[in-house]
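Biologist: I am new to reading structures, so please take one part of this chain and look at it closely with me. Start from a single residue and work outwards, step by step.

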Amino acid sequence: YREAASSGVRLVTIVGDSGIGKSRLAGELIRVLAGEAGVVVASCPPYGEGTTFSPIREAFRHAGRDESVLEGSSYEVFAATRSLFEELAVERPLVAVFDDVHWAEETLLDLIEHLSVRLGSAPVLLLCLARPELAERRPQWLSRPEATLTLEALSALDAHGLLDALDAPAAVRERIAELAEGNPLFIE
């Protein structure tokens, strides 16, 4: 975030299996930056007709903007989204969170890449949350260690620490730890 705020747009991808904590981590970042940065959140649905730009519509709604500008061609949607993000980043840095980008249609992934180049010096963090299968479609997003954070399963010690914090019954802790395989959501 600090790099984007001082040097211009950054695309960062948080990768991990379902339930590993991607959304929780993004939520903590948003909480920490409250008042310091503007935030728009957009989620990619797993299926459905007309879902290509539904996350962008969500971002426009989140920003309180008229989404009728998204009725045009892909070129017009790209331009309108870039304009919105530039406008929102004028007063303070912007964090744009795209959740579940592994479900995004190719055109939306193209739009995110377009923004990562065309926003230039605008203080914008494009934060994408994805499962590992995104690597099959956009390997370049995950090939840059400075722009990718991979979340792994909890170690046995950390899993037991979480079970302690959750005050799980002693009689089932070992079984929970075994079945959850280090996945925090499953442990909870």
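Modeller: Leu33 counts as buried because its relative accessibility is 3%, and the cut-off for buried is under 20%. Keep in mind that we are looking at a predicted model. Leu33 sits in the loop between H2 and E2. Now look for Val95: it is 62 residues away from Leu33 in sequence, yet their C-alpha atoms are 9.1 Å apart in space. That takes us to the strands, since Val95 is the bridge partner, in E3, of Val39.

Let us follow that pairing. E2 and strand E3, which covers residues 94-99, run parallel and are joined by six bridges. Another partnership you can find here is Ala42 with Phe98 of E3. Try looking at E2 from both sides: Gly38, Val40 and Ala42 form its covered face, while Val39, Val41 and Ser43 form the uncovered one.

What does His62 touch, leaving aside residues up to four places away in sequence? The answer is Val39, Val40 and Val41. His62 belongs to helix H3, residues 54-62. With a relative accessibility of 44%, His62 is classed as partly exposed, because that class lies between the 20% limit for buried and the 50% limit for exposed. For a sense of distance, compare His62 with Gly35: they are 27 residues apart along the chain, and 16 Å separates their C-alpha atoms.

Now step back to the whole sheet. It is an open sheet of five strands in the order E2-E3-E4-E1-E5, and the pairing is parallel. Strand E2 (38-43) and strand E5 (148-150) are the edge strands, each pairing on one side only. From one strand to the next, the twist averages 15°. Helix H2, residues 22-32, packs on this sheet and touches strand E1 (10-15), E2, E3, strand E4 (124-130) and E5. The direction of H2 makes about 160° with that of E4. Helix H5, residues 106-118, lies across E1, E3 and E4, and runs at about 155° to E4.

The other pairings can be followed in a similar way. E1 and E4 run parallel, with six bridges joining them; here Arg10 has Leu125 of E4 as its bridge partner. Three bridges link E1 and E5, again in the parallel sense, and Thr13 finds its partner Thr148 in E5.

H2 also leads us to the largest pocket. Which elements give two or more residues to its lining? They are H2 and helix H10 (184-187). H2 supplies the largest share, three residues. The pocket holds about 370 Å³ of space. Eighteen residues line the pocket, and the closest to its centre are Gly19, Ile20, Gly21, Lys22 and Arg24. Sorted by class, the lining has six nonpolar, five polar and seven charged residues.

Two loop residues are worth a visit for their backbone. Most residues other than glycine have a negative phi. Asp100 is not a glycine, yet its phi is positive, near 60°. You will find Asp100 in the loop between E3 and H5. Is Asp100 buried or exposed? Asp100 is buried, because its relative accessible area is 19% and buried means under 20%. Glu181 is a second residue with a positive phi, about 50°, and is not a glycine either. Glu181 is in the loop between helix H9 (170-180) and H10. Its relative accessibility is 65%, so Glu181 counts as exposed.

Finally, here is the setting for everything you have just seen. The chain has ten helices and five strands, and 43% of its 188 residues are buried. Its C-alpha atoms fill a box of roughly 60 × 35 × 30 Å along the principal axes. Among contacts with a separation of 6 or more, 74% involve residues 24 or more positions apart. With that in mind, go back to Leu33, in the loop between H2 and E2, and trace the route again at your own pace.

How values were computed: Residues are numbered from 1 along each chain as its sequence is written. This is a predicted model: local features need pLDDT of at least 70, side-chain atom pairs count only at pLDDT 80 or more; totals for chains, interfaces and linings use all residues. Side-chain values use heavy atoms; hydrogens and water are left out. Two strands pair if DSSP finds at least two bridges between them. Helices (H or I, at least four residues) and strands (E, at least two) are DSSP runs, numbered from the N terminus. Axes are lines fitted to C-alpha atoms, for helices over the stretch in contact, and angles run from 0 to 180 degrees between N-to-C directions. Contact means heavy atoms within 4.5 Å. On a 1 Å grid over the protein atoms alone, a cavity is a set of points where a 1.4 Å probe fits but cannot get out, and a pocket is an open set with protein on both sides within 12 Å along at least five of seven lines; lining residues have an atom within 4 Å of a point. Grid points are joined across faces, edges and corners, and a volume is the space filled by probe spheres set on the points. Ala, Val, Leu, Ile, Met, Phe, Trp, Tyr, Cys and Pro count as nonpolar, Asp, Glu, Lys and Arg as charged, and the others, Gly among them, as polar. Buried means under 20% relative accessible area, exposed over 50%, partly exposed in between (1.4 Å probe, protein chains only).
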